[in-house]
Amino acid sequence: MTDNRSQLSSSSFLTPEDPSPVVVHGGTDPRSPLLLVSDHAGQAIPSALGDLGVPEAERARHIGWDIGIDGVGRMLADLTGALLIEQSYSRLVIDCNRAPGHQTAIVTVSDGTPVPANQDVSATEAALRTQAIFDPYHTRIGEELDRREDEGIETFLIALHSFTPEMQNFRRPWHCGVLHNHDPRFGRIIIDCLSEEGLTVGDNEPYELTDTSDYTVPVHGERRRIPHVEIEIRQDLITAETGQKEWAERLARVLPEAIKRYHEQYGSHPVTEAE
Ligand SMILES: [Zn+2]
């Protein structure tokens, strides 16, 4: 495991006791076609922000992080040799899958729970959170994609998330969701592969991937024109370690098969095309 603490001037916002915003796992196969990223894997809060004024039981809900996805991502990285780049801080501090300044980048209320520390956040404080957490995370992803491009390594970007089983009295029927937007080619193949496992797969459910409601895939996948997908797993299936292992093993099976089918249909991705 590698630890990459940001060297930005905002390091005073995060103290030496605070965890690094970026944690990297796996990567034993530097030429793996997979790059795994996890925007909402962590629950940390900078000591400067206390507990955000949110009770622990609330912070542990889906509003605080993507429950279970840390275990899935790490086991998947171990199984495939792929690199996993994980963001350590709670999405209640700053949502690393939103553009800075987006109205839900720093939420004042999430699924009915108020976040006192996020009321009336000044532009200066929002910028500190961005520089301390958001920037190093996305810089690390960009650096890895640059390295891969320089070395001529084909990349399939996999953004890992999990979703709460019930929202606004609606019981979500999908075991998992596959999100895509401008380039749906890889996503559609993944939908086929996961459906063949006997699963109920949401096609742009429970969310749609859009230019404004997302950041990671639009910036690192679509803008670079590399194959990409956002995979959402229902949280009750991966709360326990057995479920995390089951899903990691499933994705370790499905993703190489999906890449094989992508190559058959579209050829290898021309890495030199990236911008
Ligand atoms: Zn998420």
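Arg225 sits in the loop between helix 5 and strand 12, a good place to begin a walk through this predicted model. The phi angle of Arg225 is near 60°, a positive value in a residue other than glycine. With a relative accessible area of 42%, Arg225 is partly exposed, because partly exposed residues fall between the 20% and 50% limits. A similar description applies to Asp111, placed in the loop between strand 5 (109-110) and strand 6 (113-114). Asp111 has a phi near 45°, again positive in a residue that is not glycine, and its relative accessible area of 35% makes it partly exposed.

Other loops have details of their own. Glu205 and Pro206 are joined by a cis peptide bond, with omega at about 5°; Pro206 belongs to the loop between strand 11 (201-203) and helix 5. Gly27 lies in the loop between strand 2 and strand 3 and counts as partly exposed, at 27% relative accessibility. Although Gly27 and Thr80 are 53 residues apart along the chain, 8.6 Å separates their C-alpha atoms.

Turning to the metal site, the zinc ion is coordinated by ND1 of His40, OD of Asp66 and ND1 of His161, at 2.0 to 2.1 Å. The spacing of these donor residues in sequence is H-x25-D-x94-H. Distant parts of the chain are linked by the pair Asp66 and His161, which are 95 residues apart: Asp66 is in the loop between helix 1 (56-59) and helix 2 (69-80), while His161 is in strand 7 (residues 156-163). Asp66 is buried, with a relative accessible area of 1%, and His161 is buried too, at 2%; both values count as buried because the limit is under 20%.

The zinc ligand His40 also appears in the description of the largest pocket, being one of the residues nearest its centre, together with Arg91, Asp95, Arg98 and Tyr207. This pocket has a volume of about 540 Å³ and a lining of 29 residues. By character, the lining divides into nine nonpolar, ten polar and ten charged residues. Strand 7 and strand 12 (228-234) each supply at least two of the lining residues, and strand 7 gives the most, with three.

Strand 7 has a part in the interior as well. The largest nonpolar core holds 36 residues, of which Val37, Leu52 and Ile85 touch the most other members. At least two residues of this core come from each of strand 2 (22-26), strand 3 (34-38), strand 4 (83-87), helix 3 (123-150), strand 7 and helix 5 (216-222). Helix 3 provides the largest share, six residues. In soluble globular proteins, nonpolar side chains tend to be buried together.

Finally, helix 7 offers a simple check on geometry. At 1.5 Å a residue, the 26 residues of this helix (residues 241-266) should span 38 Å, and the 36 Å between its end C-alpha atoms agrees with that expectation. Many positions along helix 7 can be picked out as buried, namely Gly243, Gln244, Trp247, Ala248, Arg250, Leu251, Val254, Leu255, Ala258, Ile259, Arg261 and Tyr262. An α-helix has 3.6 residues a turn, so residues three or four places apart point the same way. Just after helix 7 comes Gly267, which takes a positive phi of about 80°.

Definitions and conventions. Residues are numbered from 1 along each chain as its sequence is written. This is a predicted model: local features need pLDDT of at least 70, side-chain atom pairs count only at pLDDT 80 or more; totals for chains, interfaces and linings use all residues. Side-chain values use heavy atoms; hydrogens and water are left out. Helices (H or I, at least four residues) and strands (E, at least two) are DSSP runs, numbered from the N terminus. The expected span of a helix is 1.5 Å times one less than its number of residues. Buried means under 20% relative accessible area, exposed over 50%, partly exposed in between (1.4 Å probe, protein chains only). Donors are N, O and S atoms within 2.8 Å of the metal (3.2 Å for Na, K and Ca); water is not among the atoms, so sites may look incomplete. On a 1 Å grid over the protein atoms alone, a cavity is a set of points where a 1.4 Å probe fits but cannot get out, and a pocket is an open set with protein on both sides within 12 Å along at least five of seven lines; lining residues have an atom within 4 Å of a point. Grid points are joined across faces, edges and corners, and a volume is the space filled by probe spheres set on the points. Ala, Val, Leu, Ile, Met, Phe, Trp, Tyr, Cys and Pro count as nonpolar, Asp, Glu, Lys and Arg as charged, and the others, Gly among them, as polar. A nonpolar core is a set of buried Ala, Val, Leu, Ile, Met, Phe, Trp, Tyr and Cys residues joined through side-chain atoms within 4.5 Å.
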